[in-house]
Amino acid sequence: MDLILIQTLNAVQYGLLLFLVASGLTLIFGVMGVINLAHGSFYMMGAYLAFTITSMTGNLLITIVLGTIISALIGAVLEWAFFSHLYHRNHLQQVLLTYGLILIFEELRSLLVGDEVYSVKIPSWLDFSVPLGSVMTYPVYRLFMSGICLVVAVCLYFFIQRTLVGAHIRAGASNRAMVQILGINIDRVFRLVFSLGVALAAFAGMINAPSATVSPAMGTQVLIVSFVVVIVGGIGSVWGALLASLLVAFADTFGKVYLPDYSGIAIYVVMAAILIWRPEGIFKS
Amino acid sequence: MIAAISLTARNVTIALFFILLAAFPQLGQDFYTEMVIRVMIMSIFAISLDLLLGYTGLVSFGHAGWFGMGAYVFALLGTKYQLTSNLWLTLPAAMLVTAFFSFLVGLFVLRTRGMFFIMVTLAFAQIFYFLFHDLKSLGGSSDGMNLRGKPTTAIGDWIPFELTSTNTFYYFVMLLMVGLLLFMSLLLRSPFGRALQGIRENEHRMESIGFPVFRYKLAAFTISGAFAGMAGYLFAILNSSVNPEMLSWHQSADGLLMLILGGMGQLWGGVIGAFTFILLQEVLSTFTKQWHLWMGVAIILIVLFLPGGMISIVERIKNIWKRRFT
């Protein structure tokens, strides 16, 4: 029973983390129509930023605030330099250009911080465990992560559903031409969405860094899982992404416990099943 | 008149290419002979992908799944379970198995379109990646497997050739590549090939004329998978090993890059692309340790400024020539 509780908490935490990465990806798909393979690199970039900045400041909260701002700026620059040229290109060219960006990011990471596996320290005021049931304990930092991710998800909800800029984003996702005709500067909306997506992915990487390790392969892993989330949830649907993130996280976490040999494929089986049922994801946009 | 000249120019180029290719192993440079074998195997891989990408208009991002599967069929039959390593059994087996699984996967993925198709094919390739990575009964390990040896070629008591010699293997791969090119040029001129190209141009129109579009796409997906399996099979023999990385999405991306480099939807695009790609890789990796960085830069420049591939350079030069002199 305790085991199931712990795994449920793990799954929720993983699902919310995944949502932060996948929501940016699905918005970039839905609003800008761009397949961004380099999205995983932003998650990796966040983790390495966390490592670099904490080793200078020693404070995780300052790191996260500073890192998020830096990544949003990097996102805006990348949108200006590369992604703004991709809107009228076909999917294949988008896939290849962003694949080229991955190669560059990975190599830059290797040049700037090296290929070693790093760890980031959990702040001392969060570095303890709470008892769970009779014998088990659960690290508080993981609960803290779930809480923070939930707060960010709620903020995202209010931003998209309740603000004017959010309305522009939603309008851009459903009818780009009409938005332009109404006199809204769609280029600015695109740049905003892109840097928001980058910031969310990097934020996820930063907040996860203390509880996991910072390793070179982390970008690719999270990218492909985020793709599954976006397919299952439906392209461009943030709420689909939330539901799908949790679904995928539960399949993955419980797959590892009950079917360790097949755990790698559990999420893909879920995806295949969903696609038979709804070929365009749960929330078709 | 111009058409006739350019046609012969093209034929002369092709004939020259084959003569050079056939003569190459006689130089006796084993390192380079093996490199050209690699180029030819990658050409087969790229051509098989082109049937989907360039001719049917399906951007598959999971083609490495079939490549790796073909390789693993040989590894499992010949090394892990030691049933047979006879070429005449294992090569058809590799192609049949990949054809069967691409048929099954095709039933699912061809229901989707556009971005979904790209990502769903990627996801299915990941399933196979993890199966060959994790399942002990499929030789699962991140290091892969070293093979016991090359395939035997005996038919009864008669041994027509030995694949253990690099040069014989070279000619064997070359024969298969030329065979595939011939097969493709016939296929593309057949009613079936025409229908595929029609689907690429306008799927709905083909549907309303009465073509069973889904079945055509499924057939293309299956054939393409089988030939990718053949390429993987040959690649396993060349390296005498298999590895889950053969199914990774980097391998799929390499296939797409080769076609973009060479020019997709062109019979020779795959061959030119594979040559350029491997040459680029070799040159960059001798000059610098950070060759991935420059590969990335090269990819971005090509996508932004040369979306038609290397083959389009010829067209561009021709156009400039025409504008200036006629």
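In the predicted model, 44% of the 326 residues of chain B count as buried. The secondary structure of chain B comprises 13 helices and 2 strands. The radius of gyration of chain B is 20 Å, close to the 20 Å that the globule rule gives for 326 residues, so chain B is as compact as a globular protein of that length. The C-alpha trace of chain B spans about 65 × 50 × 45 Å along its principal axes. With respect to sequence separation, 75% of the contacts in chain B between residues at least 6 apart in sequence join residues at least 24 apart.

Helix α13 of chain B, which runs over residues 311-325, was considered separately. From its first C-alpha to its last, this helix of 15 residues reaches 22 Å, a value close to the 21 Å expected at 1.5 Å a residue. Although 44% of the residues of chain B as a whole count as buried, α13(B) is hardly covered, the count of buried residues among its 15 residues being 0; burial here requires 20 or more other C-beta atoms within 10 Å of the residue's own.

In chain A, strand β1 (residues 129-132) and strand β2 (residues 136-139) pair in the antiparallel sense over 4 bridges. Among the bridge partners, A:S129 is matched with A:P139 in β2(A), while A:L132 is matched with A:M136 of that strand. The two strands, β1(A) and β2(A), form a hairpin with 3 residues between them, and A:G133 in the turn has a positive phi of about 70°.

The association of the two chains was examined next. In this model, 32 residues of chain A are in contact with 35 residues of chain B, a contact being counted where the C-beta atoms, placed from the backbone, lie within 7 Å. On the side of chain A that touches chain B, the elements that give two or more residues are α4 (91-112), α9 (218-233) and α11 (263-277) of chain A. Of these, α4(A) gives the most to that side, with 14 residues. By residue class, the side of chain A that touches chain B divides into 23 nonpolar, 5 polar and 4 charged residues.

Conventions. Residues are numbered from 1 along each chain as its sequence is written. Chains are lettered from A and ligands numbered from 1 in the order in which they are written. This is a predicted model: local features need pLDDT of at least 70, side-chain atom pairs count only at pLDDT 80 or more; totals for chains, interfaces and linings use all residues. Two residues are in contact if their C-beta atoms, placed from the backbone, lie within 7 Å. Ala, Val, Leu, Ile, Met, Phe, Trp, Tyr, Cys and Pro count as nonpolar, Asp, Glu, Lys and Arg as charged, and the others, Gly among them, as polar. The radius of gyration is taken over C-alpha atoms; the globule rule is 2.2 Å times the number of residues to the power 0.38. A residue is buried if 20 or more other C-beta atoms lie within 10 Å of its own, exposed if 12 or fewer, and partly exposed in between; C-beta atoms are placed from the backbone. The expected span of a helix is 1.5 Å times one less than its number of residues. Two strands pair if DSSP finds at least two bridges between them.
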